[in-house]
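Take a look at the protein below and at the molecules bound to it. This report walks through its open and closed spaces one by one.

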Amino acid sequence: MSNTVLKCPQHLAIVMDGNGRWAKKRRLPAAAGHKVGVETVRKVLRASRELGIKHLTLFAFSSENWRRPELEVRALMSLFSSYLDNEIEELASEAVRVRFIGRRDRFSKSLLKKIEFAESETASNSAFTLTLAVDYGGQWDIANAARQLASEVAAGTLAVNDIDEDRLDALVSLSDLPAPDLMIRTSGEHRISNYLLWQLAYSEFYFTDVLWPDFGRDDLVAAIQDYTTRDRRYGGRNETNNA
Ligand code: IPE
Ligand code: IPE
Ligand code: MG
């Protein structure tokens, strides 16, 4: 496994998908799949740290997931809440910084409090960043950054002609981290579903049919091994490809 550590992605982003199908196969409600999915989060977080990844960004709830049945949404919110109750102390002691990206105005007051507590409690940690994308949408993220630029223009502190990629980049989520090197999506879906639209511009994508509750350390290692074979050109031409 030592060779995987060598070229390990610094920043891994995951679309954790397939909980519903995992539950359906067992004639269980979707919530049962989400519950097992939380166990996978614990395992993948541990494995990521052991493998040398520095930043892990997990898509836990999209801005479109509010369209799910009320019972399922409630179950998900309650799982986020108990995850924070159960894990923060340990994560804080392990130098993990926990952050959230996405809208914050649609959570219950008590969940919002737990989110803020998790962030403040781990704010000074720097060994590893765990970012949870909850009520997150890539289009919202870009629109939010555009709104901030527009307000600077309206206030007279920014000229329209000074708006460029770097200015916008500085205002989208995760601007302080390196862009995700690798994006994994489980469950066989080959789409981005409004995840980090801006940030994934040059990320490598890895798709697996494994459902998120079944995803384990070996699957993560397989994804990283595949990543190590990729030739990241960023639009340029690497020396080795010139032949
Ligand atoms: C991913 O699993 C978790 C969330 C979107 C919250 P799904 O619930 O989307 O699983 P499938 O796609 O129905 O199998
Ligand atoms: C994307 O999965 C969101 C999360 C994993 C949190 P979805 O299951 O919501 O995406 P679609 O509906 O299949 O595109
Ligand atoms: Mg899904």
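## The largest cavity

Nine names make up the wall here: Phe100, Ile101, Gly102, Arg103, Arg104, Phe107, Leu112, Ile115 and Val134 line the largest cavity. Keep in mind that this is a predicted model. The space inside the largest cavity comes to about 40 Å³. How many cavities of 30 Å³ or more does the structure hold? The structure holds one.

Two elements each supply at least two residues of this lining: β3 (96–101) and α5. By class, the lining of the largest cavity has six nonpolar residues, one polar residue and two charged ones.

## The largest pocket

Now turn to the open spaces. The largest pocket contains about 690 Å³ of space. Its lining counts 34 residues. Which of them lie nearest the centre of the largest pocket? They are Met16, Phe59, Ala60, Phe61 and Asn65.

Many elements share in this wall. α2, α3 (30–51), β2, α4, α5 (109–122) and β4 (128–136) each give at least two residues to the lining of the largest pocket. α4 has the largest share, with five residues. Sorted by class, the lining of the largest pocket holds 18 nonpolar, eight polar and eight charged residues.

The largest pocket is occupied. Ligand 1 takes up space in the largest pocket, and ligand 2 sits in the largest pocket too. Each ligand has its own shell of residues, described next.

## Around ligand 1

The shell around ligand 1 includes a run of neighbours in the sequence: Met16, Asp17, Gly18, Asn19, Gly20 and Arg21. His34, Ala60, Asn65, Arg68, Glu72 and Leu76 complete the shell. Which element gives the most to the shell around ligand 1? It is α2, with three residues. Both α2 (19–25) and α4 (70–93) supply at least two residues of this shell. The class split around ligand 1 is three nonpolar, five polar and four charged.

Look next at single atoms. In Arg21, a side-chain N or O atom lies 2.7 Å from an oxygen atom of ligand 1. The backbone takes part as well. A polar backbone atom of Asn19 is 3.1 Å from an oxygen atom of ligand 1. For Gly18, a backbone N or O atom lies 3.3 Å from an oxygen atom of ligand 1. On its own, ligand 1 has 380 Å² of accessible area, and the protein covers 83% of that.

## Around ligand 2

Which residues surround ligand 2? They are Val15, Met16, Asp17, Phe59, Ala60, Phe61, Ser62, Asn65, Arg68, Arg185, Arg191 and Ser193. Strand β2 (residues 55–62) gives the most to this shell, with four residues. The shell around ligand 2 has five nonpolar, three polar and four charged residues.

Here, three side chains deserve a look. A polar side-chain atom of Ser193 lies 2.6 Å from an oxygen atom of ligand 2. For Arg68, a polar side-chain atom is 3.2 Å from an oxygen atom of ligand 2. For Asp17, the distance from a polar side-chain atom to an oxygen atom of ligand 2 is 3.3 Å. Alone, ligand 2 exposes 390 Å², of which the protein buries 78%.

Some residues belong to both lists. Met16, Asp17, Ala60, Asn65 and Arg68 appear around ligand 1 and also around ligand 2. Among them, Met16, Ala60 and Asn65 are also named as lying nearest the centre of the largest pocket.

## The second largest pocket

One more open space remains. The second largest pocket holds about 160 Å³ of space. Arg42, Leu45, Arg46, Arg49, Tyr83, Glu87, Glu90, Leu91 and Glu94 line this pocket. Which elements each supply at least two residues of its lining? The elements are α3 and α4.

How do the classes divide in the lining of the second largest pocket? Six residues are charged, three are nonpolar and none is polar. The charged ones are Arg42, Arg46, Arg49, Glu87, Glu90 and Glu94.

Definitions and conventions: Residues are numbered from 1 along each chain as its sequence is written. Chains are lettered from A and ligands numbered from 1 in the order in which they are written. This is a predicted model: local features need pLDDT of at least 70, side-chain atom pairs count only at pLDDT 80 or more; totals for chains, interfaces and linings use all residues. Side-chain values use heavy atoms; hydrogens and water are left out. A residue is near a molecule or strand if one of its heavy atoms lies within 4 Å of it. A polar contact is a pair of N or O atoms within 3.5 Å; within protein, one must be able to donate a hydrogen and the other to accept it, and residues adjacent in sequence count only if both atoms are side-chain atoms. Accessible areas come from the Shrake-Rupley method with a 1.4 Å probe; for residues, only the protein chains shown count as cover. On a 1 Å grid over the protein atoms alone, a cavity is a set of points where a 1.4 Å probe fits but cannot get out, and a pocket is an open set with protein on both sides within 12 Å along at least five of seven lines; lining residues have an atom within 4 Å of a point. A molecule sits in a cavity or pocket if more than half of its atoms lie within 2 Å of its grid points. Grid points are joined across faces, edges and corners, and a volume is the space filled by probe spheres set on the points.
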